[in-house]
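Please look through the structure shown here and follow one pair of strands, one residue and two pockets in turn.

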Amino acid sequence: MPRHCLTLDLKNDENAISEYKRYHVKIWPEVKKSLLDAGIIDMEIYLTGTRLFMIMEVDDQFSLSAKAAADAANAKVQEWERLMEQFQQELPQSSPGQKWVVMEKIFSLAAQ
């Protein structure tokens, strides 16, 4: 099963980080549906300090670009994204407007 790992920083504000975590206790049903409809089988987000790390397990048809296009056409997902933007900050290597940055896999124990 394919896996994608992405990273993002939150603003360095304890209250904002707590609020961001609260929103993720139970995401909006429309956002969950958009994830499942895109072929995301499982997703986990981890936090240390202000750094977020997301792991997505996806089906073989999943496409990051197709997911981005579907999100752009989904008003409720766009509302969620605008809400989350108040907590997030771009990484130095981000393209303008890019939030989550795809990480490069550099090690696999199974491949050793």
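In this predicted model, Asp42 has Glu57, a residue of strand 3, as its bridge partner. That bridge belongs to a wider pattern, for strand 2, which covers residues 40-48, and strand 3, which covers residues 51-58, pair in the antiparallel sense over 8 bridges. The two strands form a hairpin with 2 residues between them, and in this hairpin Gly49 takes a positive phi near 60°. As a general point to keep in mind when looking at such strands, the side chains of a regular strand alternate between the two faces of the sheet.

Strand 2 and strand 3 also appear in the lining of the largest pocket, to which each of them supplies at least two residues. The same is said of strand 1 (3-10), helix 1 (14-23), helix 2 (29-37), helix 3 (64-72) and helix 4 (75-85). Which strand gives the most to this lining? It is strand 2, with 8 residues. Of the 40 residues that line the largest pocket, Leu35, Met43, Met54, Glu81 and Trp100 lie nearest its centre.

The second largest pocket is lined by Arg3, His4, Cys5, Phe53, Met103, Glu104, Lys105 and Phe107. Here the largest share of the lining, 3 residues, comes from strand 1. The table sets the two pockets side by side, with the volume of each and the classes of its lining residues.

| Pocket | Volume | Lining residues by class |
|---|---|---|
| Largest pocket | about 1,100 Å³ | 26 nonpolar, 5 polar, 9 charged |
| Second largest pocket | about 220 Å³ | 4 nonpolar, 1 polar, 3 charged |

Val102 is placed in strand 5, which covers residues 101-102. Is Val102 buried, partly exposed or exposed? Val102 has a relative accessible area of 47%, and because buried means under 20% and exposed means over 50%, this value makes Val102 partly exposed.

What does Val102 touch, once its neighbours within four places in sequence are left aside? Val102 is then in contact with Cys5, Leu6 and Leu64. A further link across the chain is given by His4, for Val102 and His4 are 98 residues apart in sequence, while their C-alpha atoms are 7.3 Å apart in space. His4 and Cys5 are also among the residues that line the second largest pocket.

Definitions and conventions
Residues numbered from 1 in each chain as written. Predicted model: local features only at pLDDT ≥ 70, side-chain atom pairs only at ≥ 80, totals over all residues. Heavy atoms only, no water. Pairing = 2+ DSSP bridges. Helix = DSSP H or I, 4+ residues; strand = E, 2+ residues; numbered from the N terminus. Buried < 20%, exposed > 50% of the residue type's maximum accessible area, 1.4 Å probe, protein only. Contact = heavy atoms within 4.5 Å. 1 Å grid on protein atoms, 1.4 Å probe; cavity = no way out; pocket = protein on both sides within 12 Å on 5 of 7 lines; lining within 4 Å. Points joined across faces, edges and corners; volume = space filled by probe spheres on them. Nonpolar A, V, L, I, M, F, W, Y, C, P; charged D, E, K, R; others polar.
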